[in-house]
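Below are some remarks for a colleague who is going through this entry, set out point by point. Please read them alongside the coordinates.

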2 protein chains.
Amino acid sequence: MNELFGREVYFKCENLQKVGAFKVRGALNALLSLPASSGDVVTHSSGNHGAALAWAARKLGKKAYVICPTNASRFKRDAIERYGGILVDCGPAIAQRETALQSFLQERAATFVPPYDHADIIAGQGTATLELIEDVPQLREVWVPIGGGGLASGAVIAAGGRCDVVGCEPELARDAHDSLAAGRLLPSLPPTSIADGLLASLGQLNFEILRTAHVPVRLVSEDEIRDATVLIWRVLKIVIEPSSAVPVAAALKDDRSTDDPIAIILSGGNVEPKLSV
Amino acid sequence: MNELFGREVYFKCENLQKVGAFKVRGALNALLSLPASSGDVVTHSSGNHGAALAWAARKLGKKAYVICPTNASRFKRDAIERYGGILVDCGPAIAQRETALQSFLQERAATFVPPYDHADIIAGQGTATLELIEDVPQLREVWVPIGGGGLASGAVIAAGGRCDVVGCEPELARDAHDSLAAGRLLPSLPPTSIADGLLASLGQLNFEILRTAHVPVRLVSEDEIRDATVLIWRVLKIVIEPSSAVPVAAALKDDRSTDDPIAIILSGGNVEPKLSV
């Protein structure tokens with residue numbers, strides 16, 4: 001891998017994390033930060049955050065309702081139920097998730113735990129970068145995928161200037177890139193990337209943190225994402241989902257000549273590769 | 001995984017080993033056991049042993065020639081070359097490998113390093129089980145796939161009676177099962193299993209070791225192998241090749257009620273899953 005990347009590279013394997021994604025960090029931190037009197041929880045999620053909230057809620061004896069687009073990955077919908085979450089169907093558009101959430105909250109007493117646009121979530125996701133920096137103090141850059149921006153903004157906070165954060169997005173879901181370039185949150189186009197964990201729109205708080213830290217955002221094509229996914233499977237022998245391959249693809253084509261070590265956060269492994277032989 | 005198997009289960013992840021398979025243990029031990037004056041080496045292999053010998057030979061400044069069936073996995077043929085091995089084509093039948101080897105040895109000065117039927121290879125492969133027993137002293141059984149029998153016979157020697165060895169084979173490549181039942185080495189039928197690392201015929205020395213230790217051999221179907229392969233990918237988030245899934249499949253359907261912990265050796269990860277989304 002060091003040869004392929006032209007520098008020393010470390011991987012933070014959040015695909016091997018509980019529920020197979022970094023999302024469990026933020027979900028658990030958010031639940032542990034709720035008042036003791038709070039009851040059941042609800043969120044909207046296309047997958048990993050929902051599974052993470054279900055897992056964390058079960059640990060703490062709460063019910064978790066997950067408003068989930070019917071077109072979300074079957075693999076991820078199944079995981080939400082396997083961890084004890086209760087699926088509530090909604091349409092694929094972000095606006096439909098919001099509407100479904102408002103209807104739900106009018107009918108039931110539950111605390112909304114947002115997927116990324118919340119300080120407790122951001123703080124939880126930041127622990128991945130905190131561990132990285134503790135493990136590899138000489139790290140120069142942490143490369144992370146950006147969906148809603150929880151992982152990236154958490155990385156900025158956790159790094160605290162000790163190393164740079166490089167954000168990465170699919171060209172087909174580039175709202176963070178465009179919002180940061182414009183200096184204001186731009187509405188997300190209906191995104192279609194294979195990186196199904198990165199289809200959310202950048203959150204407001206996440207945007208402010210990334211903008212203040214001048215985080216650059218690198219873009220990669222769908223083919224680059226596919227190739228990087230399979231590369232990790234083949235060389236590291238670990239399963240990552242396409243969203244995790246976005247910073248891998250971006251770092252692979254980074255042509256700055258430097259010997260500084262970098263780290264890539266492999267955000268999750270919730271995908272089902274096919275056995276073709 | 002403990003829930004799925006109904007008992008405590010440990011995995012020895014030889015898919016994460018150098019060259020992605022346990023084979024590097026035997027190859028390196030065999031090369032290090034050669035006289036200092038010995039030169040280049042040759043073997044026949046459908047894949048992982050060839051890659052392992054190439055890797056080990058390069059470490060020691062030797063050339064490695066690998067007689068390899070032209071119908072071997074493209075993935076494994078590429079790996080042999082990537083590690084610096086020199087491919088020598090032969091036909092798919094075991095007899096054709098032997099003929100090609102004899103022709104090669106008449107033309108060139110090289111030392112034959114057999115893939116499994118040799119004490120130094122068996123001793124090397126046994127170190128996987130030695131490490132397992134050191135890590136998990138309360139282990140009751142080690143489940144291993146059987147191809148030529150190097151890993152299984154090494155496990156018997158390394159276990160030294162401290163835990164049992166359970167061998168596992170595809171129903172479509174059951175020569176070890178049938179040979180041990182008959183009490184004599186039976187000729188291998190042309191095997192066709194998806195577990196392409198287990199198509200070799202049981203070796204003579206391997207047979208003697210397994211027979212003396214009364215090693216049982218469990219059989220699994222092709223569908224069971226496929227399901228177990230994908231199960232490991234999905235739950236453990238690591239890439240194993242179908243050969244590694246043979247003992248997984250066998251242990252999954254083992255219905256003895258016992259709480260004793262077992263270990264499964266995941267023999268290799270040299271396969272290329274497909275990204276289907």
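**Notes on the sheet and two helices**

1. Strand 7 of chain A and strand 8 of chain A run parallel and are joined by four bridges. Within this pair, A:Pro170 has A:Val220 in strand 8 of chain A as its bridge partner. Please bear in mind that the model is a predicted one.

2. This pairing belongs to an open sheet of chain A, in which five strands follow the order 1-9-6-7-8 with parallel pairing. Its edges are formed by strand 1 (9-13) and strand 8 (217-220) of chain A, each of which pairs on one side only. From one strand to the next, the twist averages 25 degrees.

3. Helix 10 of chain A, covering residues 222-236, lies across strand 1, strand 7, strand 8 and strand 9 of chain A, and its direction makes an angle of about 90 degrees with strand 8 of chain A.

4. Helix 7 of chain A (residues 150-159) is mostly covered, since nine of its ten residues are buried, where buried stands for under 20% relative accessible area. Among the buried residues are A:Gly150, A:Leu151, A:Ala152, A:Val156 and A:Ala159.

5. As to what covers helix 7 of chain A, its buried residues pack against two helices of chain A, helix 6 (119-135) and helix 9 (204-212), and also against strand 6 (141-145), strand 7 (164-170) and strand 9 (262-266) of chain A.

6. A backbone detail that deserves a look is A:Gly160, which comes just after helix 7 of chain A and takes a positive phi of about 50 degrees.

Terms used: Residues numbered from 1 in each chain as written. Chains lettered and ligands numbered in written order. Predicted model: local features only at pLDDT ≥ 70, side-chain atom pairs only at ≥ 80, totals over all residues. Heavy atoms only, no water. Buried < 20%, exposed > 50% of the residue type's maximum accessible area, 1.4 Å probe, protein only. Contact = heavy atoms within 4.5 Å. Pairing = 2+ DSSP bridges. Axes fitted to C-alpha atoms, helices over the stretch in contact; angles between N-to-C directions.
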